[in-house]
Amino acid sequence: MDTESFLSAACDLLAVASTADRPEDLYRALGLVLDFVGPGFTVERFESGGKPSALVYPGPRRPHFRVILNAHLDVVPGLPDQFRPRRDGARLYARGAQDMKVSALAAAQVFRDAALALPYPVGLQLVTDEETGGRDGTLHQLDQGVSADFAIIGEQSGLRIVTDSKGMVTVNLRAAGRGAHGAYPWLGDNALLKLIRSVDAILAAYPIPEEEAWRTTVNLARIETPNTALNQIPALAQAWLDIRYPPQDADFSGRTAEQVTAHLAAFCAPGVTPAVAHADPPHHADPGRPEIARLARAVRDQGYRPDFLRKHGAADGRFYSQRGIDAVIFGVGGGGQHGADEFVDITTIAPYCRALEAFLRAG
């Protein structure tokens with residue numbers, strides 16, 4: 001592997017601010033990776049909700065794939081200097097370096113080098129909406145008939161194999177009160193205060209862990225009111241909650257959106273209503289599958305321990321899991337995901353590519 005050439009292409013990709021609010025850069029990132037793959041393959045393009053995606057494969061017709069390599073090219077927002085990649089020793093810093101543009105490019109290289117020689121169909125699935133839910137990319141493609149026996153999601157894992165990840169519930173708490181002059185609070189009903197009490201009640205039931213723990217967590221992502229006057233009691237307010245839960249939590253696991261709504265409503269003050277936007281079940285892949293055993297051997301051959309991991313974050317593998325298709329997360333190493341110092345460990349890139357290619361060729 002020509003690591004320097006690869007890193008040059010990676011820096012070009014990392015310099016693209018492919019966030020959800022920049023559709024032209026979503027297309028640009030997708031185009032860069034498709035150009036990196038090069039000619040000789042069918043490129044099937046999709047679009048949903050303004051988010052482009054692509055499916056790349058050998059041959060003129062889309063087959064049922066034995067393996068799909070899935071990667072997302074969108075990133076969460078970052079500061080302008082995070083889109084100017086910089087190297088420091090064995091680290092390459094940039095927004096998306098760990099999550100997950102470098103793994104995506106590595107998967108593209110392995111696909112480019114191996115796919116035409118394989119005796120079975122393999123596809124490269126490139127999406128641009130994972131950070132905003134994945135429904136316009138991976139899920140949309142599956143709804144359009146894309147199918148596979150097994151999927152590898154290139155999210156960061158340090159060459160370990162993720163067979164389990166938490167379920168995810170996204171919730172909007174909406175509070176309605178009564179506006180009044182701020183100097184006469186007894187005449188109003190402060191929607192923000194009711195909302196804060198409701199959030200506090202939910203966080204009391206699901207407190208923030210002091211250290212890593214395989215249990216339900218709640219992130220208060222945003223709280224806001226349309227009120228713009230200092231001397232006015234807010235009549236409306238809302239909060240965004242990001243809930244992640246393991247399969248053992250009976251309050252969420254196996255529950256419908258309506259049942260989850262009723263559960264959360266029990267914590268809410270009068271006038272505060274939960275609205276569940278999405279309720280996705282946990283993801284699980286059978287560690288005993290022969291594909292996972294082959295992948296573990298390929299990792300071991302590169303001098304890494306193929307430990308099985310449980311991931312707290314959700315990924316697009318959950319959409320495969322919901323269809324009875326086993327999917328694992330397998331990616332390069334790094335740190336600082338979604339943070340100010342996000343980086344990829346450059347030393348893991350070549351072993352990752354070799355392990356992924358060895359897995360495909362052993363199939």
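**Close-up 1. Valine 67, at 1% relative accessibility, counts as buried in this predicted model, since buried means under 20% relative accessible area.** The residue belongs to strand β3, which covers residues 65-72. Leaving aside residues up to four places away in sequence, valine 67 touches Tyr120, Pro121, Val122 and Gly123, and it also touches Phe150, Phe359 and Leu360. Tyrosine 245 offers a reference point elsewhere in the chain, as its C-alpha lies 28 Å from that of valine 67, with 178 residues separating the two in sequence.

**Close-up 2. Threonine 138 in helix α4, a helix made up of residues 138-143.** The relative accessible area of threonine 138 is 0%, and the residue is therefore buried, the limit for that class being under 20%. Its side chain makes a polar contact with the side chain of asparagine 70, at 2.9 Å. Asn70 also appears in the list of residues that threonine 138 touches, together with Gln125, Val127, Asp129, Asp316, Phe319 and Tyr320, when residues up to four places away in sequence are not counted.

**Close-up 3. Helix α1 (residues 3-14) packed against helix α3 (residues 97-114).** The axes of the two helices come within 10 Å and cross at roughly 130°, so that α1 and α3 are oblique to each other; an angle over 145 degrees would be needed for roughly antiparallel. The crossing of this pair is right-handed. From α1, the residues Phe6, Ala9, Ala10, Leu13 and Leu14 take part in the contact, and they meet Ala97, Lys101, Val102, Leu105, Ala106 and Gln109 of α3. Sorted by class, the residues of this contact comprise 9 nonpolar, 1 polar and 1 charged.

**Close-up 4. Helix α7 (residues 290-301) and helix α9 (residues 349-362) at their packing contact.** Two packed helices are described by the angle between their axes and by the distance between those axes. For α7 and α9 the angle is about 135° and the axes are 8 Å apart, and the two helices are therefore oblique to each other. The crossing of α7 and α9 is right-handed. On the α7 side the contact involves Glu291, Arg294, Leu295, Ala298 and Val299, which meet Ala355, Ala358, Phe359 and Ala362 in α9. The residues in this contact divide into 7 nonpolar and 2 charged, with no polar ones. Phe359, on the α9 side of this contact, is also among the residues touched by valine 67 in the first view.

Terms used
Residues are numbered from 1 along each chain as its sequence is written. This is a predicted model: local features need pLDDT of at least 70, side-chain atom pairs count only at pLDDT 80 or more; totals for chains, interfaces and linings use all residues. Side-chain values use heavy atoms; hydrogens and water are left out. Helices (H or I, at least four residues) and strands (E, at least two) are DSSP runs, numbered from the N terminus. Buried means under 20% relative accessible area, exposed over 50%, partly exposed in between (1.4 Å probe, protein chains only). A polar contact is a pair of N or O atoms within 3.5 Å; within protein, one must be able to donate a hydrogen and the other to accept it, and residues adjacent in sequence count only if both atoms are side-chain atoms. Contact means heavy atoms within 4.5 Å. Axes are lines fitted to C-alpha atoms, for helices over the stretch in contact, and angles run from 0 to 180 degrees between N-to-C directions. Angles under 35 degrees count as roughly parallel, over 145 as roughly antiparallel, 65 to 115 as roughly perpendicular and the rest as oblique. A crossing is left-handed if the near helix is turned anticlockwise from the far one by less than a right angle, and right-handed if clockwise. Ala, Val, Leu, Ile, Met, Phe, Trp, Tyr, Cys and Pro count as nonpolar, Asp, Glu, Lys and Arg as charged, and the others, Gly among them, as polar.
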